Amino acid sequence: ETQKLKKQSAIVTGADSGIGKGVALALANAGAKVLVNYFHNHTAADEVVSQIVAEGGEAIAYQADVSKEHDVQRMFAHHLNVFGSLDILVNNAGLQKDAKFVDMTLDEWNTVIGTNLTGQFLCSREAAKIFIQQGIRDGISRAAGKIICMSSVHEIIPWAGHVNYAASKGGISLFMKSIAQELAPQKIRVAGIGPGAIQTPINKEAWETPEALEKLLTLIPYNRIGKPDDIGKLAAWLVSDDADYITGTTIFADGGMTLYPGFADNG
Ligand code: NAD
């Protein structure tokens, strides 16, 4: 199989775990050099780098808090120092701080918005500046740069008990579309990925017991939980030239979770 991302490099945020790890491995598998960003878990990030190297790829681990402007700028500068250019940003880092609405603290609100939404703003702004300065790199990609915004089915499905998270993902939708509109003339593509339930540490309580998994599956018409690789493969395709005409839209990979499964046997 030809490596569709050969000679390209990528920053994947929150790539030491779950979906980000799946995306980092898939991009590396398609030939991209990858900066594996992590927040706290250096060991886990090193393991992702080792796995990429063992499979013949190139990667480095790098610590940064995506919600901090200085950290983000330091990360992009480091990427350019090491790899010399940048072609792909995957805004993946995210977290939940769940609480009943009336009990939600301002800190819980700010932490989730700061990471999930402001983090995507800070990283996308740095990436866009680099892409604009770089322009199209002939023979490498048809676009000057590609940005993926990890969203969620909660970009459109309301979620009681998680209003900070749902607000962050709803915000990502119009953030993504607005920068896609603004950056298209500069040949920068921006797209969202809306995962359904993917088996990662973020939602462990939803799949770790058979009872919890059975309840979760009632929300998934396709009747299986997703795996990080389901999202990795989609991301690798979406940033490749095969998806060159796609910008400003979110692609849901959710086994049908957004199909209102409650209506399936409600006739
Ligand atoms: P995860 O907890 O396994 O991974 C989240 C990653 O983000 C971790 O590596 C964490 O360290 C990192 N992170 C958190 N705060 C950070 C910060 N300030 N700076 C840098 N990194 C930070 O969870 P996951 O399921 O892999 O989630 C990845 C993304 O996918 C998130 O944006 C999440 O909202 C989204 N998502 C997940 C699911 C799912 O079912 N797992 C569904 C829809 C969307």
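A pocket is an open set of grid points, computed over the protein atoms alone, with protein on both sides within 12 Å along at least five of seven lines. In this predicted model, the space taken by the ligand is the largest pocket. The elements contributing two or more residues to the shell around the ligand are α1 (18-29) and α5 (163-183).

The ligand is surrounded by 27 residues, of which D16, S17, I19, Y165 and T200 come nearest. By residue class, this shell comprises 12 nonpolar, 12 polar and three charged residues. Polar contacts to the ligand include one from I19, where a backbone N or O atom lies 2.7 Å from an oxygen atom of the ligand. A nitrogen atom of the ligand is placed 2.8 Å from an N or O atom in the side chain of D65, and a backbone N or O atom of V66 lies 3.0 Å from a nitrogen atom of the ligand. Of the 820 Å² that the ligand exposes when taken alone, the protein buries 92%.

Apart from the pocket, the structure holds two cavities of 30 Å³ or more. The largest cavity, with about 40 Å³ of space, is lined by T13, V66, N91, N92, A93, T115, G119, Q120 and C123. Helix α4 (residues 106-134) provides the largest share of this lining, four residues, and the lining as a whole divides into three nonpolar, six polar and no charged residues. The second largest cavity holds about 30 Å³ of space and is lined by D87, Q134, G135, R137, I140, S141, A143 and A144, a set made up of three nonpolar, three polar and two charged residues.

Definitions and conventions
Residues numbered from 1 in each chain as written. Predicted model: local features only at pLDDT ≥ 70, side-chain atom pairs only at ≥ 80, totals over all residues. Heavy atoms only, no water. Near = heavy atom within 4 Å. Polar contact = N/O pair within 3.5 Å; in protein donor to acceptor, adjacent residues only side chain to side chain. Areas by Shrake-Rupley, 256 points an atom, 1.4 Å probe, with all protein chains shown as cover. 1 Å grid on protein atoms, 1.4 Å probe; cavity = no way out; pocket = protein on both sides within 12 Å on 5 of 7 lines; lining within 4 Å. Sits in = over half its atoms within 2 Å of the grid points. Nonpolar A, V, L, I, M, F, W, Y, C, P; charged D, E, K, R; others polar. Points joined across faces, edges and corners; volume = space filled by probe spheres on them.
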